[in-house]
Amino acid sequence: MKLAHTLISLGLLLILSACGFKPLYGTDGSGSSVASELNAVSVAEQTSRAGELVRNEILATVAPSAGGSYRYRLDMAPMVTESNAVEQRDTDTTRRTYRLNVSFALVDVGTSKPVYKGQTFSFVSYDRVESPVANVQARANAEERAAREVGVDIRTRVAAFLSSK
C-alpha cells in the first residue's frame, strides 16, 4: 500500500514537471520572482473612497520598490453602484447591494503604453435597519469587503501576467 502511494506520488511529480507547471510566487532559475516584479509596480493615487480601499489592499501585500523607481504603473477606474435588493414594507430591514466595478491597466512607465488591461468586480450585500449608526457601519463593511475581493483579484491577475512575460 505504501509502495503504491509512493509510485503514484512520483508519477504525479513527473507529470507536473513535464507540463511546465511552476508556482506563481516561486523563483525561476535566474533567481527572479513574481514578487520582485510586483515590487516594480506603482499603484496610482485614487480620488474615491472605493479606489483608495482597493489601492490599500494591493499595497498591503506588495512591498514598494527599494530604489523608488518603478517599471510599471497600475491605473484604476473604480465605479460604485448601489441598489435595494429586497424591500418589504412590513419590516424595518432593507437588503442593499453594493457593486464595485474596476477597470485597470498596467502601464509601462518607459513607453506610457498599457501592457495589460482588465476589468473586475465585486458584488456584496448588507442590511439597512432603523439605526443610522448601524447603517453607516454596514455600508463601510460592504465597501471594505468589496475592495478586498477586487484588490486580491487585480493583484493575482497582474502577478499572473508578469509571470508569463
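Modeller: Helices are DSSP runs of H or I with at least four residues, and strands are E runs of at least two, both numbered from the N terminus. The model is predicted, so local features need pLDDT of at least 70 and side-chain atom pairs pLDDT 80 or more, while totals for chains, interfaces and linings use all residues. Residues count from 1 along each chain as written, and side-chain values use heavy atoms, without hydrogens or water.

Colleague: What pattern does the chain follow along the sequence?

Modeller: Start with the elements. The chain has four helices and four strands. Read in order, they give α-α-β-α-β-β-β-α.

Colleague: Which element gives the most residues to the largest nonpolar core?

Modeller: A nonpolar core joins buried (under 20% relative accessible area) Ala, Val, Leu, Ile, Met, Phe, Trp, Tyr and Cys residues through side-chain atoms within 4.5 Å. The largest one here has 29 residues. Elements giving two or more include helix H2 (34-39), strand E1 (41-43), strand E2 (72-87) and strand E4 (113-128). The top contributor, with 10 residues, is H4.

Colleague: Which residues have the most contacts inside that core?

Modeller: Take one of them, Leu74. Leaving out residues up to four places away in sequence, Leu74 touches (heavy atoms within 4.5 Å) Val41, Phe104, Leu106, Ile154 and Val158, among others. The residues with the most contacts inside the core are Leu74, Met76 and Ile154.

Colleague: How are H3 and H4 set relative to each other, by angle class?

Modeller: Helix H3 (residues 49-61) packs against helix H4 (residues 132-164) at about 50°, with axes 8 Å apart. Axes are lines fitted to C-alpha atoms over the stretch in contact, and angles run from 0 to 180 degrees between N-to-C directions. Under 35 degrees is roughly parallel, over 145 roughly antiparallel, 65 to 115 roughly perpendicular, and the rest oblique. H3 and H4 are therefore oblique.

Colleague: Which residues of H3 meet H4?

Modeller: On the H4 side, the partners include Glu143, Ala147, Val150 and Ile154. The H3 residues are Arg49, Leu53, Val54, Glu57, Ile58 and Thr61.

Colleague: What share of contacts joins residues at least 24 apart?

Modeller: Count only contacts between residues at least 6 apart in sequence. Those joining residues at least 24 apart make up 64%.

Colleague: Is Ser112 buried or exposed?

Modeller: Ser112 sits in the loop between E3 and E4. Its phi is positive, near 60°, in a residue other than glycine. The relative accessible area of Ser112 is 53%. Over 50% counts as exposed, with partly exposed in between (1.4 Å probe, protein chains only), so Ser112 is exposed.
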